[in-house]
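Colleague: Could you walk me through this model before the meeting? I would like to start with how a helix lies on a sheet, if that suits you.

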Amino acid sequence: MIKLSVHKIIDLLHNSGDIDNRVNDSSAMYLGAAAHREIQKNSGKEYKKEVSLKFETEIAGIPILIQGRADGISYEADGGIIIDEIKTTGLPISHLYTQQEKHLAQAKCYACLFLKSSDEPVSHIAVQLTYFQLESRELKRHKWEYSADELEIFFANLLEEYSKWLLLEIEFKKIRDISANKLEFPFKTYRKGQRELAVAVYKTIMAEKKLYSCAPTGIGKTLSALFPAIKAMGKGRGEKIFYLTAKTVTRVVAEDAIRLMSAQGLRFKSVTLRAKEKICINNDFICNPDHCSYAKGHFNRVNDALYNLIDNNDLITPPLIEKYANKYHVCPHELVLDASLWCDLVIGDYNHVFHPDAFLRRFFYDDSGDYVFLIDEAHNLADRVRDMYTAEISKQSLSRIRRHLRGKDAPTKALRKALKQTDTYFADIRKEMVGHKTESEEDVAFAELIMAVSRAAEEWMQFNKNTAHELFDDILDLYFKTIKFLMVSELYDSHYITITEAEAANVSITLFCLDPSQIIAKGLAKARASILFSATLSPLAYYKETLGGGDEDGALYLNSPFDPNRLATISHCGISTKYIDREASYAPIAEALHVAVSRMKGNYLAFFPSYDYMRRVHELFCDMEPQIETMLQQSQMSEAEREGFLARFDADNPETLLGFTVLGGIFSEGIDLKGNRLIGSLIISVGIPMISLRRDLIRDYFNERNGRGYDYAYVYPGMNKVLQAAGRVIRTEDDFGIVLLIDSRYGTPKYKELFPAHWLNMKYIRKSGEIGDWW
Ligand code: SF4
């Protein structure tokens with residue numbers, strides 16, 4: 001049975017005209033949702049809100065289930081039924097009338113679903129569109145009455161029109177499932193651990209559970225996750241797979257895995273998403289018909305582009321999207337999102353599921369689905385989600401606007417007033433305190449002020465929308481901050497803490513997400529099954545807890561498939577890198593690096609806990625050994641500079657090259673220097689994040705929960721950076737090299753416990769001279 005949403009049908013068949021972000025931007029959506037709820041609440045007791053409707057039927061002999069959710073159904077005293085569809089706008093209400101035909105079609109669809117699922121015979125239904133303007137609060141209602149026959153005819157015609165698309169999908173799914181069932185693992189043999197992971201992924205999907213797996217480099221984790229997920233899809237489990245990553249480069253690895261299986265006969269449609277600003281082909285990046293010719297009339301052309309794109313291609317990559325966007329002159333961002341509806345695999349970012357604004361509404365707005373999430377590099381997920389759900393407003397962000405905002409019109413006066421009240425609130429805080437304070441309660445009075453600023457900023461922007469006002473960008477920026485603040489404020493609970501900070505002229509209030517595990521769990525609940533994996537998802541119990549796992553979910557730790565004897569692992573415990581000992585550590589570290597790289601010519605990377613530390617040791621190292629070529633990571637490196645840095649790591653380098661880099665930075669994760677391109681990772685410190693108020697708050701929170709706050713806030717995140725940096729050395733079974741850990745703490749049981757199983761030959765030394773004995 002194919003499941004179809006009313007939205008999917010209507011968006012495809014009844015969209016026309018332009019893309020116009022002035023109508024559908026996220027601000028209007030946020031305020032619109034609140035207005036929506038208010039209208040529903042005030043619509044009387046006969047009014048049932050958010051009514052789910054569904055109906056089973058056939059299109060061209062194919063069984064389908066059509067689902068939708070009416071905003072409201074009013075059961076009138078005289079027995080009449082009114083299906084209500086609410087639309088809100090921040091623009092003049094007349095903008096809604098340009099889309100009235102689409103709104104009406106949507107409401108008529110719900111009326112049909114109601115009709116078809118009703119136990120009682122219904123001869124007539126009224127369909128109502130409720131239009132609401134967010135600033136003026138102007139509300140207009142329009143009502144049409146239809147007989148059951150009229151609605152039947154409308155619905156039958158709609159499904160007839162849709163059948164072309166459905167047949168395309170169905171025919172392809174048949175081909176896909178046959179090919180998926182026939183698909184053999186694309187290599188003759190599995191690598192060590194690979195089969196175990198693939199089997200666990202398959203079982204997890206079939207059992208509709210979650211799996212957390214530490215799958216070291218070399219196992220082929222991308223293929224081990226995708227292959228069983230596709231096999232499960234062939235057996236009817238999972239209508240769509242989402243492969244989510246933290247970095248663009250990992251998305252290419254997923255595309256390669258699909259290419260590999262396609263070469264074995266798999267027919268499977270995949271699409272790779274990119275951030276809007278990266279895929280936009282209009283220089284201005286302003287999404288309305290006045291600024292972007294791709295936006296103008298986009299909906300009139302997009303169906304042809306989409307049909308041809310999905311009919312002619314299986315692997316839909318960003319360059320292909322750009323080609324089609326140019327050919328049909330449509331927006332590539334909207335085109336790729338539409339294509340995702342028709343693909344079996346969506347390769348994207350964590351944002352596409354977890355971000356409060358950027359999540360894919362077309363899949364995750366209403367409900368969960370028969371989805372499978374494959375979440376790669378999952379060790380990054382908690383911090384990413386914490387950032388997404390932490391919100392801050394500072395005095396600085398509104399001071400400049402307040403100082404320069406002039407005008408006698410009502411919106412400007414209203415905004416000035418709201419800003420003044422908030423500024424005064426900040427000023428009172430500054431009079432009272434310097435430094436910081438934390439509270440486990442939300443500051444409700446402040447949230448109300450921010451609500452007022454948000455509303456006033458929106459009103460001001462509507463009033464000034466066609467002017468090139470010098471403060472427009474600042475106000476827009478502030479506005480988005482207020483929107484995020486209010487969104488987080490709604491979620492505020494015991495996983496949050498309020499931080500008030502007053503430093504010099506600035507004051508800020510932050511709603512800090514201490515523990516995003518609940519938010520992650522809620523995101524994962526949108527899928528039937530989720531696999532979270534990473535080469536460094538260790539300790540597994542810690543990641544399972546912090547990434548929304550429960551007792552019922554699986555955990556799988558796999559050993560490295562590589563010969564441990566090809567990696568020399570040495571802990572130099574004779575040097576302390578603790579903050580108080582740093583000054584004294586520079587020279588011994590320079591010497592240790594010198595010994596390590598002098599033994600064998602080749603390319604090495606040294607990782608330091610900070611730029612300052614790196615530069616100090618680099619200086620001494622260059623004095624000590626001017627013949628050895630070195631490179632230094634810079635704090636701001638462009639994509640080209642980064643590429644240039646890595647290009648120097650040549651497999652045929654006959655000399656020695658030592659790159660000085662920062663632990664946890666751009667060179668310690670996600671780079672793949674195979675073979676002789678890198679033969680050593682020399683890691684200074686245990687990677688502990690810099691002590692900070694926020695880390696301390698996380699520590700205190702987990703101390704209260706499980707007594708392991710320091711480990712959760714500092715030790716495990718630090719060790720993850722170490723494991724990532726160490727993992728740069730052995731990328732294939734032919735690689736060899738050294739991991740040198742420099743810090744006295746590596747000799748303690750706490751850290752030994754965190755070493756991966758394949759570091760079984762770890763040598764512990766106290767003098768730099770001993771490095772050579774083992775390497
Ligand atoms: S092409 Fe760019 S500016 Fe134009 S609508 Fe698309 S994303 Fe917006």
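Modeller: A word on terms comes before the example: angles run from 0 to 180 degrees between N-to-C directions, with axes taken as lines fitted to C-alpha atoms. This is a predicted model, and in it helix α20, residues 472–491, lies across β13, β15 and β16 (506–513), running at about 130 degrees to β13.

Colleague: Okay, and in what order do the strands of that open sheet of four come?

Modeller: The order is β13-β16-β15-β14, and the pairing in this open sheet is antiparallel. At the edges are β13 (391–394) and β14 (435–439), each of which pairs on one side only, and from one strand to the next the twist averages 15 degrees.

Colleague: What holds strands together in a sheet, in general?

Modeller: Strands of a sheet pair through backbone hydrogen bonds, and they can do so either parallel or antiparallel.

Colleague: So how many bridges join β14 to β15?

Modeller: There are five bridges between β14 and strand β15 (residues 496–503), and these two run antiparallel. If you want to find a pair in the picture, look for His436, whose bridge partner in β15 is Glu501.

Colleague: I also see something odd just after β15. Which residue in the loop between β15 and β16 should I look at?

Modeller: Look at Ala504, which is found in that loop and which has a positive phi of about 45 degrees although it is not a glycine. Most residues other than glycine have a negative phi, and most peptide bonds are trans.

Colleague: Where is there a cis peptide bond, then?

Modeller: The bond from Ser538 to Pro539 is cis, with omega near 0 degrees, and Pro539 is found in the loop between β17 (529–534) and α22 (540–546).

Colleague: Switching topic: what about the open sheet of seven strands, is its pairing parallel or antiparallel?

Modeller: Its pairing is parallel, and the strands follow the order β21-β22-β20-β23-β24-β19-β25. Because β21 (629–632) and β25 (763–765) each have a single partner strand, one side of each is left without a neighbour in the sheet. Within it, six bridges join strand β19 (residues 567–572) to strand β24 (residues 737–742), and Ser571 has Leu741 as its bridge partner in β24.

Colleague: Last one: where does the ligand sit, and which residues surround it?

Modeller: The space taken by the ligand is the largest cavity, and among the residues surrounding the ligand are Lys276, Asn282, Phe285, Tyr294 and Pro332. Sorted by type, the residues of the shell divide into nine nonpolar, one polar and one charged.

Methods
Residues are numbered from 1 along each chain as its sequence is written. This is a predicted model: local features need pLDDT of at least 70, side-chain atom pairs count only at pLDDT 80 or more; totals for chains, interfaces and linings use all residues. Side-chain values use heavy atoms; hydrogens and water are left out. A residue is near a molecule or strand if one of its heavy atoms lies within 4 Å of it. On a 1 Å grid over the protein atoms alone, a cavity is a set of points where a 1.4 Å probe fits but cannot get out, and a pocket is an open set with protein on both sides within 12 Å along at least five of seven lines; lining residues have an atom within 4 Å of a point. A molecule sits in a cavity or pocket if more than half of its atoms lie within 2 Å of its grid points. Ala, Val, Leu, Ile, Met, Phe, Trp, Tyr, Cys and Pro count as nonpolar, Asp, Glu, Lys and Arg as charged, and the others, Gly among them, as polar. Two strands pair if DSSP finds at least two bridges between them. Contact means heavy atoms within 4.5 Å.
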